[in-house]
Every structure is written in structure tokens, then in C-alpha cells.
Amino acid sequence: MKKIILTSSIFCFLILSLGLKPDGTKKILPYPILQKKLPNGLNVVTVPYDSPGLAAFFIVMRVGSREEVEVGKTGFAHFFEHMMFRGTEKYPKEKYSNALKAIGASANANTSIDRTVYHMTGNAAMLEKMFELESDRFMHLKYSVQDFKTEAGAVKGEYTKNYSNPLAKLNETTMDTAFEKHTYSHTTMGFFKDVVDMPNQYDYSIQFFDRFYKPEYATIIVVGDVNSEKVVALAEKYFGEWKTGNFKPEIPQEPQQTKTKYVHLQVPKFPPHLTLSYKALPYSDSNIEVAALDLLGDVLCSERSELYKKLVIQEQKLRDLSASGNPARDANLFEFDATLVDEANLQYTKDEIVKAKEKIKSVPVDEKFLNEIKSRTTYSFAMRMDSPDVIANSISAFTWLSGDPESINRYYALMDKVTPQDITNAAKKYLVDGSLTISTISSVQKEMSSEFK
């Protein structure tokens with residue numbers, strides 16, 4: 001029998017292939033996350049991944065509608081998602097687009113309550129050009145008053161289009177009702193009155209950009225056919241002179257909710273809808289309650305749950321049923337969402353959801369079923385990690401939630417520890433009437449507080 005000698009490189013390969021840390025514990029992302037913080041506060045993250053010739057280049061800005069703390073000034077985080085593609089003196093809009101095409105890259109961006117993410121995927125051999133293009137607009141964005149007004153008009157058009165969907169309008173109204181002080185009360189698009197007034201806010205837009213588009217709010221994530229030394233060197237070359245800011249917004253603290261709130265939209269000829277929203281807790285990769293609530297959504301409403309089988313498959317009273325913890329930097333809403341076949345069953349649906357969540361407070365979920373959900377969640381996540389942009393996007397989510405991309409591994413390790421009793425405890429603590437907002441869509445106009453008992 002030949003003696004097998006493992007070199008350090010082979011040992012590391014086996015560790016990564018098995019999804020293990022060097023100490024033998026499980027790791028959801030089987031690739032190294034290499035980090036380097038520059039003196040100006042910019043965090044640079046590299047994930048080498050076997051994707052010959054390809055690289056994903058993400059810039060995560062921890063700036064979303066959460067940071068919009070001033071009255072009358074909502075929607076600006078989303079506005080800059082648009083404005084950042086308007087160009088600079090060195091790379092005006094058309095020249096920027098042509099430069100992307102020349103290096104075989106595509107770029108886009110998206111905004112949410114806690115962040116704005118700019119992403120680009122292209123030829124790894126042209127990584128330096130990606131750094132040059134992105135550093136130029138992040139450090140030297142310049143636009144005229146007319147450019148500003150044109151883009152503000154486009155944002156208003158997007159708002160009008162999005163909120164013609166009753167479900168989007170229901171979500172907007174729910175957030176504004178559920179939150180009294182916290183900035184989660186307005187959605188990413190902002191309040192409509194603020195969007196209408198946005199063309200008059202040119203000076204404030206400059207102030208917003210100067211406050212938040214600073215290195216301490218940013219993380220660069222590069223995934224693919226790259227190495228950390230080159231990525232860090234390029235970051236230092238192109239972003240090293242990015243000046244640190246000193247603005248820290250004071251996010252209003254949300255008072256404790258003590259009674260059920262109600263939202264109702266009258267929308268004829270639209271599928272009736274019910275949402276039960278409970279105040280939850282901020283994202284954490286060390287608080288077992290966060291992972292327990294995350295899993296609770298699948299325990300109660302996944303396709304294999306008793307409630308889903310009864311309401312959707314057997315009785316066919318619902319078109320769809322789901323539940324989600326909606327992780328966020330601050331306490332967000334845990335929501336049950338149900339789309340009904342007949343609005344006459346709104347009360348019945350609400351009662352059945354309440355019965356299911358009350359039952360789990362006294363009868364813990366079957367451990368085998370919980371383990372199956374955990375395994376499926378983990379397996380589904382791992383199977384999606386098959387391209388640089390998907391990996392970068394997944395890491396970016398945990399980066400904006402915690403500030404640390406390694407949180408992705410800590411969170412899935414935490415989820416693996418959740419027990420049936422943890423699920424019960426979380427339901428008892430957070431799924432209570434005092435923290436509930438009930439939201440409905442139907443064809444009739446009525447006072448929902450008198451409808452639901």
C-alpha cells in the first residue's frame with residue numbers, strides 16, 4: 001500500500017472541495033474570501049473561482065432608502081443608481097458604453113432599502129479597465145442641472161409604472177403604516193410627493209452624493225479568474241486616492257408597536273390578496289432567532305407544509321402562499337403572503353394562517369421535517385454557486401447586511417444549529433398581535449379593522 005502524502009496545496013483543495021474550514025467545520029461557500037481594507041476605509045474582496053477568462057466586478061454601497069433620514073428627501077439612493085450611468089468628463093455616457101463593449105463587459109445596478117449594488121461582468125484580462133471605468137465615475141461623477149432634471153423625470157416615470165401594480169402599492173402602504181419613525185416607512189422608490197419634487201433638488205443631490213459615495217460605505221468584490229494580489233494592487237492604484245468622508249446618518253428608532261394595524265386597497269378585478277406582517281429583528285449571523293425566523297417561513301408555508309397542502313392543493317382556496325423573514329440591517333417585517341381565488345375567503349385564510357403559527361408555539365415542528373428544510377435550503381444555495389456573478393451577488397447580500405462578506409459562512413453555520421425549540425421560541429416572541437399589520441386587496445371598500453376578528 002502506497003503512502004499518500006498531501007501537500008499543502010492539495011490539502012487546501014480538498015478542504016475547499018468539501019466545503020470545510022481548516023478547523024474541519026462546515027462552510028457554505030467552498031471558495032476563499034480574501035479581504036484587504038485600504039487606508040481610506042475601502043474594503044477589497046477577492047474570491048478566486050475557476051472561470052477561465054471571466055470576472056465579476058461588484059461595488060456594494062451600504063446606502064439605500066434606510067439612509068434617507070431627512071423629511072422630503074426620499075428616493076435619492078435609487079436616483080443615483082440611475083445617475084451613476086450619466087457619465088463623467090473623462091467618460092461621458094456614450095464613451096462609457098463604448099468602453100464596456102470594447103472589453104466585452106456588461107454593467108447594471110440595483111437599489112434596495114439597505115444598499116445600492118453596481119455590477120459588471122466581463123473579460124478577466126480587462127480587469128484593469130473595469131477598475132479604471134468604475135473608479136472614474138465613483139470619484140468624479142459630474143452632471144448638469146438639465147441632466148439631473150431629465151433623470152429625475154425618468155425616476156418619476158419608473159415610480160408611476162411600478163406602482164400601477166396593486167401589489168407594489170400594497171407593499172408601499174404597508175411599510176408606511178407598519179413603521180412610524182424608522183426610514184423603512186418609505187420604500188426604495190421614495191414617497192411620491194418627494195419624487196415629484198425631485199427635479200427641484202439639484203443642490204441636495206450633490207450633497208447626497210458627497211455624503212455617501214465615500215470609500216467607508218463601499219466594498220469592492222471581484223470573483224472569477226483573478227488573484228488577490230492583482231485585485232488589491234488595482235484597487236490601490238485606482239481607488240487609493242478616494243477621499244474618506246465623515247457623515248453618519250442618525251437612523252430614527254422605531255417605537256414598539258402595541259396593537260394591530262390595518263391596510264386595505266380596493267382594486268376591482270384584481271386577485272384578492274392578504275399579507276400579515278409582524279415586526280421582526282435585525283439581521284445577525286450570531287443570533288439564533290434570526291435563522292429560526294428565516295426557517296419558520298418554510299416550516300409554515302413551503303409546498304410541503306400542512307398549511308400549503310390544505311389551502312393551495314386540497315381546498316384550492318389560494319393561488320399561492322409564502323412567508324419570509326425579509327432580513328435587513330434593522331428590524332424589518334416577517335410576512336405571510338397569500339393570493340386568493342375568492343375574496344370571500346379572506347377571513348378564513350387569515351384564521352388558518354393564525355392557527356398554524358399559534359400551533360407551532362405549543363407543538364414544535366417535527367425535527368426530521370426541519371432538517372429536510374435546512375438541507376434543501378443549503379443544497380439549493382450551494383448548487384447555485386456556479387458562476388462569478390452569482391457568487392459575487394450572493395456575497396454582496398451578506399456584505400450589505402453585516403459589512404463583512406464572511407458573514408455568509410457564519411450565517412449558514414448558524415442556520416444548521418436551529419432546533420425545533422428555537423422555531424417555537426421565535427414564533428412566541430415575534431408572531432404576536434401587538435406587532436401585526438394586516439394588509440388586504442379586494443374589490444370592496446371597507447374598514448378592515450371591523451372585518452377581521
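**Charged, aromatic and backbone features of the predicted model**

In this predicted model, Lys 361 has a relative accessibility of 14% and therefore counts as buried, the limit being under 20%. The side chain of Lys 361 meets that of Glu 358 in a salt bridge, with an N to O distance of 2.9 Å. The two residues are three positions apart in helix H12, which means that about one helical turn separates them. Glu 358, at 35% relative accessibility, falls between the limits of 20% and 50% and is therefore classed as partly exposed. Elsewhere, Arg 66, Glu 67, Arg 329 and Asp 330 are joined into one network by salt bridges that share partners.

The count of salt bridges comes to 24. Helix H12, which spans residues 346-362, also holds the pair of Glu 352 and Lys 355, whose side chains form a salt bridge at 3.1 Å, N to O. Here again the partners are three residues apart, and about one helical turn lies between them. Glu 352 is at 8% relative accessibility and so counts as buried.

A salt bridge between distant parts of the sequence is formed by Glu 151 and Arg 86, whose side chains meet at 2.9 Å, N to O. Glu 151 belongs to helix H5 (residues 145-162), whereas Arg 86 is in the loop between H2 and helix H3 (93-102); the pair therefore ties together parts that are 65 residues apart in sequence. With a relative accessible area of 10%, Glu 151 is buried.

Glu 81, located in helix H2 (residues 76-83), is buried as well, but it takes part in no salt bridge. The nearest side chain of opposite charge is that of Arg 115, at 6.8 Å, and a salt bridge would require a nitrogen within 4 Å of a carboxyl oxygen. The side chain of Glu 81 instead makes a polar contact with the side chain of Thr 111, at 2.6 Å. When residues up to four places away in sequence are left aside, Glu 81 touches Ala 109, Asn 110, Thr 111, Thr 116 and Tyr 118.

Arg 115 also takes part in an arrangement with an aromatic residue: its charged end sits over the ring of Trp 400, 4.1 Å from the ring centre. A further such arrangement is found at Phe 85, where the charged end of Arg 137 sits over the ring at 4.4 Å from its centre.

The structure holds 37 aromatic pairs. One of them is formed by Phe 57 and Phe 131, whose ring centres are 4.7 Å apart and whose planes stand at 90°; the pair is therefore edge-to-face, a class that begins over 60 degrees. Distant parts of the chain are linked by this pair, since Phe 57 is in strand E3 (residues 54-61) and Phe 131 in helix H4 (residues 127-140), 74 residues apart. Phe 57 and Phe 131 are both buried.

Another aromatic pair, Tyr 283 and Tyr 411, is tilted, with a centre to centre distance of 5.6 Å and an angle of 45° between the planes. Tyr 283 is placed in the loop between strand E8 (273-279) and helix H10 (288-301), and Tyr 411 in helix H15 (residues 407-416), so that parts 128 residues apart in sequence are tied together by the pair. Tyr 283 is buried, with a relative accessible area of 10%, and Tyr 411 likewise counts as buried, at 5% relative accessibility.

Turning to the backbone, most residues other than glycine have a negative phi. Lys 269, which is not a glycine, has a positive phi of about 60°. This residue lies in the loop between strand E7 (261-266) and E8, and its relative accessibility of 89% is over 50%, so that Lys 269 counts as exposed. A positive phi is also found at Asn 326, where the value is near 45°. Asn 326 is in the loop between strand E9 (318-324) and strand E10 (333-340). At 25% relative accessibility, Asn 326 counts as partly exposed.

How values were computed:
Residues are numbered from 1 along each chain as its sequence is written. This is a predicted model: local features need pLDDT of at least 70, side-chain atom pairs count only at pLDDT 80 or more; totals for chains, interfaces and linings use all residues. Side-chain values use heavy atoms; hydrogens and water are left out. Rings of Phe, Tyr and Trp (its six-membered ring) pair if their centres lie within 6.5 Å; planes under 30 degrees apart count as stacked, over 60 as edge-to-face and the rest as tilted. Helices (H or I, at least four residues) and strands (E, at least two) are DSSP runs, numbered from the N terminus. Buried means under 20% relative accessible area, exposed over 50%, partly exposed in between (1.4 Å probe, protein chains only). A charge sits over a ring if NZ of Lys or CZ of Arg is within 6 Å of the ring centre and within 35 degrees of the ring normal. Lys and Arg count as positive and Asp and Glu as negative; His and the chain ends are not counted. A polar contact is a pair of N or O atoms within 3.5 Å; within protein, one must be able to donate a hydrogen and the other to accept it, and residues adjacent in sequence count only if both atoms are side-chain atoms. Contact means heavy atoms within 4.5 Å.
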